[in-house]
Structures are given as C-alpha cells and as structure tokens.
Amino acid sequence: MAIRGLCSFFVNLLVNETKSTSIFLPLQPMSTFEKIPAILLLEDGTVYHGTAAGKIGTTTGEICFNTGMTGYQEIFTDPSYYRQIMVTTNAHIGNYGVNSEEVESESVKIAGLVCKNFTANYSRMMADESIQEYYLNESVVAISNVDTRALVRHIRDKGAMNGIISSEVLDIDQLRKMLAEVPSMAGLELSSEVSTKKHYFYGNPEAKYKVAVLDLGVKKNILRNFDNRDVYAKVFPAKTTFKEMQEWNPDGYFISNGPGDPSAMPYAIETVKEILAADKPLFGICLGHQILAEANGISTYKMHNGHRGLNHPVKNIIKNHCEVTSQNHGFGVNPDEVRKSDKVEITHLNLNDQTIEGIRVKGKKAFSVQYHPESSPGPHDSRYLFDDFVAMLA
Ligand SMILES: NC(=O)CC[C@H](N)C(=O)O
C-alpha cells in the first residue's frame, strides 16, 4: 500500500510537472472550463476568440488594460474598475492563487477579465483558493487564451470603447445587439453604486487625528495608510454633505478614488467646494483629484486611453524628484485650464505624456494626485503624500 502510494506520488509529479512551479503544494486537477469557447466583441466590431474562464455567462463594460506584472487580486477588487472589463498584459493570471486578505474591497469589482493564461493551478503557501474557484464564487465572467498583445495594441490605437464577453451566446449579431445597449463611460455616475451605504469607522478611536473620508469607491489600502499614521477614519457614503461630515469634527477631509466620470458628480463637487470654503485640510486621490479640479472650475476630459499600470513615471516639480507610480484612471484634468487657473497650481507631471498628475490649491491646505500613493498593487515611492497630509492636520 505504502509503495503504491509512493509510486503514485512520483507519477503525479511527472504528469503534473509542467502544471505547477512547486512540488510541495497540492496539485489541483486541470479544469474542463478551458475547453468551452468564448468570444470577446468590441464596439468597433473586432472579434477575439478564446476559451471560457470563471463563470459561464455574458458580461459587458468598457474595455481597459493594466500593464502591472503583479497584484491581480488587488486590481480585481479596486472599486475604481467598476463596470470595466480588464485586459491584463501580464500573460499569467492565477498562478499564485487568491488570498482573502489581498483585497481592496469586499468583492470583485471588474466587470470581467480578458487574459492570455488563466490558470487554476496555483503555487503559493499563503493562497486560500484558486482563481477559478474565486471567480465562480464571485460570479465573474472571463475569457482566456486571447492574443492579448494584439488586443492591447488595438485598444491603444483605437482608444477606449465598450466590449462584451460571452461563453453562452456565440452569435455575433446577438452580441452586437446586447453591446449596443451598454452606455458609454463618459457621463456615468458610478460612485454611489460602490460607496458604503452606511458610515463606518476604521482604525484606532484613540488615534491622534481624525479624518473624514468621502467614500467614492475607496481602496482599503488608503484606510490602512491612515491607520498606520495614527489617523482614525470615519468613512461616509458618497452623497454625504460637508455639514454632515463636519458634525464629527474631523481634523481633515479625504476625497477618495472611485469609478465613473467626475463631471457627472455635482454632489461631490459641491461638498469639496464647501470643505475649501471652510479652509479645512483636504487630500484627494484619483477621482478625488479630479473632483478637486472641478471644484476649482477646471474641467476633466475622457482620455483616448487611460493610464493603468505600476510603472508610470511622475515628476514632483516642487521637490524636483521623480516617482514611479501606480495608476488607474481613464479621465484627466484639463492641462490648459490648470495652467490658466489663478486658484490652483501644478505640483506633479507625468513624464510619459506630460498630463497633470498633481495640484494644490493656492493659499489652502488642499492638494491631490491623479495616481495612487497607496499603491496596492505597485511601488511605494509616493507614500510621503500621506505624511504631508498628516502634517497638515497638526
Ligand atoms: N482610480 C480612480 O479613482 C479613477 C477615477 C476615474 N473614474 C477615472 O477613471 O479616471
């Protein structure tokens, strides 16, 4: 019996050798899902064929790509990606499995996934389950075995557009009709759909500082960064007014990242105007940055292609240094209007395309960045921005 067990262990090793990078972890059986055909249809009529992954079904959203080489679970759960179909340029998705703590919100927020290799065979001691199990539990539709290099070049040249993935409807005409019903991202207000429904607290109630967080789709790592700096956070639903937040008597206000079009959020723009009028310290990240610009009369625009990845070079023009940053945005702040503004000044610029990466309001303790100093995933170069904000609270 023992000999037979040993034999089957070695046979298993030989058979599965190419499916796992570690021989010390249990090897998961190859799934049959890879044999089911799936289709990705883009708004411009381009069709990509692949195989089904995750839940068998149909999903729609704006197609976007992220060039990060790691951190897929943080990307899946980032609320800013709500209603977007993610294409990963990293060819291997799933190979280190899924861990319940490596999330930026309580559920998967991307509308669907397009990748090259979607592997249920993971290899990591800290993993709780495979990506396939995770996607089934979270009801996420994905397509793999797609030529993602060709797809990304196509989107890069043609610009942002909607797409539909299906592993249940394979008729292009029918898919085209379903896709035509999907609204464009421009003009969409989505924060109220992902924001908390009720306020909650994060951190230590005895902490030195109190910050009111306007949750437009906040990532958990922003709250962790506050907690690590002796800041107690009260997180408010997206449509909370300045007056309601002020009742808690916070030392400062934070305007979070989030999905959708900033120009479609008059309620948040109004809240930020009131915080500025009250001369309170304010820090905004990504969507929060765009809302700060709007509150100062500067418009935002939909980019041809957004910035989504972990290696975007940004120059801090005040400190004269460069940061490698984590990014995820499809809208930007109008550069000409910022330069003409007598209310705000530029603090950070993107070294790839000179887009506006950071602003501060003249004469006020208020600033914001377009990128993600909390990273998760990504480099930690820009964490000093949290320190700068905390210094303003004193
Ligand atoms: N990460 C974010 O906050 C994204 C902001 C906005 N929805 C955009 O796509 O530009």
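**Figure 1. Contacts across the sequence in the whole chain.** Take the contacts between residues at least 6 apart in sequence: in this chain, 75% of them join residues at least 24 apart. The model shown here, as in every view below, is predicted. The chain holds 12 helices and 19 strands. Its radius of gyration is 22 Å, close to the 21 Å that the globule rule gives for 394 residues, so the chain is as compact as a globular protein of that length. Along the principal axes, the C-alpha atoms fill a box of roughly 75 × 50 × 40 Å. As for burial, 48% of the 394 residues count as buried.

**Figure 2. The two domains and the contact between them.** The domain assignment splits the chain into domain 1, residues 21-180, and domain 2, residues 191-393. Their centres, taken over C-alpha atoms, are separated by 29 Å. Where the two meet, domain 1 brings 23 residues to the contact and domain 2 brings 23 residues as well. On the domain 1 side, look for strand 3 (58-66), helix 2 (72-76) and helix 4 (148-158), each of which supplies at least two residues. Strand 3 gives the most to this side, with three residues. By class, the domain 1 side that touches domain 2 is made of nine nonpolar, eight polar and six charged residues.

**Figure 3. The stretch annotated at the N-terminal end of the small subunit.** An unreviewed UniProt entry lists residues 36-166 as "domain: Carbamoyl-phosphate synthase small subunit N-terminal". Over residues 36-166 the chain is 18% helix and 34% strand. If you follow this stretch from one end to the other, you will find its end C-alpha atoms 11 Å apart.

**Figure 4. The shell around the ligand.** Which residues should you look for here? Around the ligand are Ser-80, Asn-257, Gly-258, Pro-259, Gly-260, Cys-286, Leu-287, Gly-306, Asn-328, His-329, Gly-330 and Phe-331. Strand 16, residues 321-333, gives the most to this shell, with four residues. Sorted by class, the shell has four nonpolar and eight polar residues, and no charged ones.

**Figure 5. The annotated active site.** In the unreviewed UniProt entry, the "active site" annotation covers Cys-286, His-372 and Glu-374. These residues span 89 residues in sequence, yet no two of their C-alpha atoms are more than 11.1 Å apart, so they gather at one spot. The next two views take a pair of these residues in turn.

**Figure 6. A closer look at Cys-286.** Cys-286 sits in the loop that runs between strand 14 (282-285) and helix 10 (287-295). Is Cys-286 buried or exposed? Cys-286 is buried, because 28 other C-beta atoms lie within 10 Å, and 20 or more are needed to count as buried. Leaving out residues up to four places away in sequence, Cys-286 touches Ser-80, Asn-257, Asn-328, His-329, Gln-370 and His-372. Among these partners, His-372 also carries the "active site" annotation in UniProt, while Ser-80, Asn-257, Asn-328 and His-329 are among the residues around the ligand, as is Cys-286 itself.

**Figure 7. A closer look at Glu-374.** Glu-374 is found in the loop between strand 19 (366-369) and helix 12 (384-393). Glu-374 counts as buried, because it has 25 C-beta neighbours inside 10 Å. Which residues does Glu-374 touch, not counting those up to four places away in sequence? They are Lys-219, Asn-221, Ile-222 and Asn-225.

Conventions: Residues numbered from 1 in each chain as written. Predicted model: local features only at pLDDT ≥ 70, side-chain atom pairs only at ≥ 80, totals over all residues. Domains from an automatic or database assignment. Contact = placed C-beta atoms within 7 Å. Nonpolar A, V, L, I, M, F, W, Y, C, P; charged D, E, K, R; others polar. Near = placed C-beta within 6 Å. UniProt positions renumbered as here; feature names shortened; annotations may be inferred. Rg over C-alpha atoms; globule rule 2.2 N^0.38 Å. Buried ≥ 20, exposed ≤ 12 C-beta atoms within 10 Å, placed from the backbone.
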